[in-house]
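Q: I would like a close look at a single part of this model, with its surroundings described as well. Please keep the account plain.

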Amino acid sequence: MKRIGTTLFAAASLLLAACTANEDGKAKELVTEFYQAHASARPSGALTLKELITFRSFLSVSLFDLLKDVSVAQEARTAQAAADLAADPDAEPLPPLVQGDLFTGNPNGASTFRVVQCEAQEREATCTVELIFSDAKLQSPAKWTDRLTLTRDARGWVIDNIQYASGNPPLRSGTLQDLLRKVLKRDTPALQ
C-alpha cells in the first residue's frame with residue numbers, strides 16, 4: 001500500500017513538472033514572437049495606430065490601455081503644437097511625450113534578443129530576456145537584461161509589464177507601466 005502511494009506521488013510530481021515545463025515553453029514562445037514583431041516594427045516613441053494593432057495580441061488589457069492612452073495624448077499634443085505654430089511661427093515646438101523604444105531598457109532599442117529563461121506559475125510568469133544593441137557608431141555593443149512579467153487571460157499568456165535593466169545611462173530604470181503612468185500624469189492638465 002505504501003509503495004502504491006509513493007508511486008502515485010511520483011507520477012503526480014512528474015505530471016506537474018511536465019505541465020510546468022509546458023507553460024514555461026508557452027510563455028517563452030509568446031515572448032519570442034513579441035520580440036520578433038518588435039524587430040520588424042522597430043517602434044519609437046508613442047505607438048502609432050498600426051503599431052498598437054501589431055502589438056495588441058501580445059499585451060494585457062491594462063498595458064495596452066496605457067500604451068493607447070499615451071498614443072492619444074501624443075496625438076493631442078502634436079495637434080496642439082501645430083495650432084500653436086500656426087498662431088505663432090516663432091513658438092518653440094513641444095518635445096514628444098516619450099522618446100525612443102518603450103519596449104526595451106535602451107531607448108535606442110535592440111538589434112538582437114535571446115529569451116534566457118521563463119518561469120511560469122498558475123496565473124503569472126516571468127521571462128528574462130538578454131538584449132543587444134549595436135550599430136556602426138558604437139565601439140562595443142550595449143548588452144543588458146530586461147524581465148517581462150506575463151499574466152494569463154482568455155487568450156493565454158500576455159505581457160503585462162517590462163522591468164527595465166536599470167543599468168548605466170542610457171538604460172532606463174523602473175517598469176514600462178510606471179513610465180507610461182508618469183508620462184500621462186505629466187501631460188494631464190492641472191485641475192481647476
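Is Ser71 buried or exposed, and what is its relative accessible area?

A: The model is a predicted one. Ser71 has a relative accessible area of 4%, and since the cut-off for buried is under 20%, Ser71 therefore counts as buried.

Ser71 lies in helix H3, which covers residues 61–87. Leaving aside neighbours within four places in sequence, the contacts of Ser71 are Ala46, Leu47 and Leu52. Leu52 falls within helix H2 (49–55).

The helix itself can be checked for length. H3 has 27 residues, which at 1.5 Å a residue should span 39 Å. The C-alpha atoms at its ends are 39 Å apart, so the expected and computed spans agree.

Ser71 is one of the buried residues of H3, a list that also holds Leu63, Phe64, Leu66, Leu67, Val70, Ala73, Gln74 and Arg77. An α-helix has 3.6 residues a turn, so residues three or four places apart point the same way. The buried set includes Phe64, Leu67, Ser71 and Gln74, and it also includes the polar Arg77.

Leu67 shares part of its surroundings with Ser71: Leu47 and Leu52 are in contact with Leu67 and also with Ser71. With neighbours within four places in sequence set aside, Leu67 also touches Leu59, Leu102, Phe103 and Leu180.

Leu67 belongs to the largest nonpolar core, which has 43 residues. Together with Leu59, Leu150 and Ile159, Leu67 touches the most other members of that core. Helices H1 (2–41), H2, H3 and H4 (176–187) each give two or more residues to this core, as do strands E1, E2, E3 (142–153) and E4 (156–163). In soluble globular proteins, nonpolar side chains tend to be buried together.

Two of the contributing strands, E1 (residues 112–120) and E2 (residues 124–133), run antiparallel and are joined by eight bridges. A hairpin of three residues connects E1 to E2, and Arg114 stands opposite Glu130 in E2.

The structure holds one disulfide, formed by Cys118 and Cys127 with their sulfur atoms 2.1 Å apart. The link is right-handed, with 115° about the S-S bond. Both cysteines are buried: Cys118 has a relative accessible area of 7%, and Cys127 has one of 0%.

Key: Residues are numbered from 1 along each chain as its sequence is written. This is a predicted model: local features need pLDDT of at least 70, side-chain atom pairs count only at pLDDT 80 or more; totals for chains, interfaces and linings use all residues. Side-chain values use heavy atoms; hydrogens and water are left out. A disulfide is a pair of cysteine sulfur atoms within 2.5 Å. Buried means under 20% relative accessible area, exposed over 50%, partly exposed in between (1.4 Å probe, protein chains only). Two strands pair if DSSP finds at least two bridges between them. Helices (H or I, at least four residues) and strands (E, at least two) are DSSP runs, numbered from the N terminus. A nonpolar core is a set of buried Ala, Val, Leu, Ile, Met, Phe, Trp, Tyr and Cys residues joined through side-chain atoms within 4.5 Å. Contact means heavy atoms within 4.5 Å. The expected span of a helix is 1.5 Å times one less than its number of residues.
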